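This briefing covers surface patches and strand pairing. Please read it alongside the sequence and the model.

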Amino acid sequence: MTPYFDGYGESIIIYVEYLDDGSIIVTDDGWTIDNLESHGVDVTINSGAVKTSEDNELFIHTTMANLSTAKTELVDSIQQLYRDYNSD
């Protein structure tokens, strides 16, 4: 859990997955897009580092050396999506 909140007042949660090859995936596990879509928002992602999986996960594939930056970039992207799409 991060100390940041989404556009609906819920905590932003990200996960870190350590892969066998030594690389790392930082992901929201699909919560952001699912949450926005449940509020009727059609989401389009146009961020360089942040990718979208077929399961609507926002994620960054990174290394241990860049883990802190990747976590920050993912949270910043999630917050930006809520600013861009939240109609409240």
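In this predicted model, a nonpolar patch on the surface is made up of M1, I13, Y15 and W31. Together these residues have about 470 Å² of accessible area. The points below take up the patches, then the sheet and its strands.

**Nonpolar patch**
- W31, one of the patch members, lies in helix α1, which spans residues 31-38.
- The relative accessible area of W31 is 56%, so W31 counts as exposed, the cut-off being over 50%.
- Another member of the patch is Y15, and strand β1 covers 15-18.

**Negative patch**
- E17, D29, D34, E37, D42, E54 and D55 form a negative patch on the surface.
- Helix α1 holds E37 as well as W31.
- E37 has a relative accessible area of 36%, and E37 is therefore partly exposed, between the limits of 20% and 50%.

**Sheet layout**
- The sheet is open and has four strands, in the order β1-β2-β4-β3, with antiparallel pairing.
- β1 and β3 are the edge strands; each has a single partner strand, so one side of each lacks a neighbour in the sheet.

**Pairing of β1, β2 and β4**
- β1 and β2 run antiparallel and are joined by four bridges.
- V16 has V26 of β2 as its bridge partner.
- Strand β2, residues 24-27, is also joined to β4 by four bridges, again in the antiparallel sense.
- On that side, V26 stands opposite I60 of β4. V26 thus appears in both pairings, with V16 and with I60.

**Pairing of β3 and β4**
- Strand β3, residues 51-52, pairs with β4 over two bridges, and the two strands are antiparallel.
- K51 stands opposite F59 in β4.
- The two strands form a hairpin with five residues between them.
- N56, in the turn of this hairpin, has a positive phi of about 70 degrees.

**Faces of β4**
- Strand β4 comprises residues 58-62, and its covered face consists of L58, I60 and T62.
- F59 and H61 make up the uncovered face.
- I60, which stands opposite V26, is on the covered face.
- F59, which stands opposite K51, is on the uncovered face.

Terms used: Residues numbered from 1 in each chain as written. Predicted model: local features only at pLDDT ≥ 70, side-chain atom pairs only at ≥ 80, totals over all residues. Heavy atoms only, no water. Patch = residues over 30% accessible without salt bridge, like charges linked within 9 Å, V, L, I, M, F, W, Y side chains within 5 Å. Areas by Shrake-Rupley, 256 points an atom, 1.4 Å probe, with all protein chains shown as cover. Salt bridge = Lys/Arg side-chain N within 4 Å of Asp/Glu carboxyl O. Buried < 20%, exposed > 50% of the residue type's maximum accessible area, 1.4 Å probe, protein only. Lys, Arg positive; Asp, Glu negative; His and termini not counted. Charge placed at Lys NZ, Arg CZ, Asp CG, Glu CD. Pairing = 2+ DSSP bridges.
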